[in-house]
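Reader: I would like a close look at one part of this model, the aromatic cluster and what surrounds it. Please start with how far the prediction can be trusted, then work outward from the rings.

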Amino acid sequence: MADPKHPRHYDEAFKRQIVRLYENGKPAREIKDEYDISHSTPHRWVQGIRDSGSTKAADNRTPGQNEPVGPGRRDRRLEMEVDVSEQAAPVFARR
């Protein structure tokens, strides 16, 4: 099995072959053993094809998941932390 830090990349034809095997009734366990892929991989590929017609992760993400992680996201999280700190400060000051 692949190292999590260095995942394997499969071409679209291979993924579709695995999905066909799975949909034709071959158990995921047998597919996993025969093709040396993780147990959840066939399930993920099948779900992707059913949802969007693609096995590519980028095609199966929600718009929020595709939003780049940048300053805007970080600022919202920091603003929430500041709000919590400001609300908690009077409680700790009384002690």
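Author: The model is predicted, and its confidence varies along the chain: the mean is lowest in helix α4 (residues 63-66), at 60, and highest in α2, at 91. Averaged over the chain, pLDDT is 77, and 68% of the residues score at least 70. Where pLDDT is low, the predicted coordinates should not be read in detail.

The setting comes next. The chain has five helices and zero strands, so the order of elements from the N terminus is simply α-α-α-α-α. Of its 95 residues, 16% count as buried. The accessible surface comes to about 7500 Å², and carbon and sulfur atoms hold 52% of that. Among contacts with a separation of 6 or more, 40% are between residues 24 or more positions apart.

Now the rings. The count of aromatic pairs in this model is four. One of them joins Phe14 and Tyr35: the ring centres are 5.8 Å apart and the planes stand at 70°, which makes the pair edge-to-face because the angle is over 60 degrees. Phe14 belongs to helix α1 and Tyr35 to helix α2 (residues 28-35), so this pair ties together parts that are 21 residues apart in sequence. The two partners fall on either side of the 20% limit for burial: Phe14 is buried, with a relative accessible area of 18%, whereas Tyr35 has 23% and counts as partly exposed.

Phe14 also pairs with Trp45. Here the ring centres are 6.2 Å apart and the planes are at 85°, so this pair too is edge-to-face. Trp45 lies in helix α3 and Phe14 in helix α1, so the pair ties together parts 31 residues apart in sequence. Trp45 is buried, at 4% relative accessibility. Phe14 therefore has a ring partner in α2 and another in α3. With Tyr10 added, ring pairs link Tyr10, Phe14, Tyr35 and Trp45 into a cluster.

Two members of that cluster, Phe14 and Trp45, are also part of the largest nonpolar core. This core has eight residues in all, the others being Ile18, Val19, Ile31, Ile37, Val46 and Ile49. Helices α1 (12-23) and α3 (40-52) each supply at least two residues of the core. Tyr35 is partly exposed, and a core of this kind takes buried residues, so Tyr35 is not counted in it.

Charged side chains also make links here. A search of the whole structure finds four salt bridges, and three of them are described below.

Within helix α1, Glu12 forms a salt bridge with Arg16, with the closest N and O atoms 3.2 Å apart. The two residues are four apart in that helix, so about one helical turn separates them. Both are partly exposed: Glu12 has a relative accessibility of 26% and Arg16 has 31%.

A second salt bridge runs from Glu23 to Arg50, its closest N and O atoms being 4.0 Å apart. This pair links distant parts of the chain, since Glu23 is in helix α1 and Arg50 in helix α3, 27 residues apart. Helices α1 and α3 are thus joined by this bridge as well as by the ring pair of Phe14 and Trp45. Glu23 is partly exposed at 45% relative accessible area, whereas Arg50 is exposed at 57%.

A third salt bridge is formed by the side chains of Lys26 and Glu34, at 2.4 Å from N to O. Lys26 has a relative accessible area of 21% and is partly exposed. Glu34 is partly exposed as well, at 49%.

One backbone detail follows directly after Tyr35. Asp36 sits in the loop between α2 and α3. Its phi is positive, about 55°, although Asp36 is not a glycine. Most residues other than glycine have a negative phi. At 36% relative accessibility, Asp36 counts as partly exposed.

To put the part together: Phe14 pairs edge-to-face with Tyr35 and with Trp45, and both Phe14 and Trp45 belong to the nonpolar core. The bridge between Glu23 and Arg50 gives α1 and α3 a charged link.

Conventions. Residues are numbered from 1 along each chain as its sequence is written. This is a predicted model: local features need pLDDT of at least 70, side-chain atom pairs count only at pLDDT 80 or more; totals for chains, interfaces and linings use all residues. Side-chain values use heavy atoms; hydrogens and water are left out. Buried means under 20% relative accessible area, exposed over 50%, partly exposed in between (1.4 Å probe, protein chains only). Contact means heavy atoms within 4.5 Å. Accessible areas come from the Shrake-Rupley method with a 1.4 Å probe; for residues, only the protein chains shown count as cover. A nonpolar core is a set of buried Ala, Val, Leu, Ile, Met, Phe, Trp, Tyr and Cys residues joined through side-chain atoms within 4.5 Å. Rings of Phe, Tyr and Trp (its six-membered ring) pair if their centres lie within 6.5 Å; planes under 30 degrees apart count as stacked, over 60 as edge-to-face and the rest as tilted. pLDDT is the predictor's confidence in each residue, from 0 to 100.
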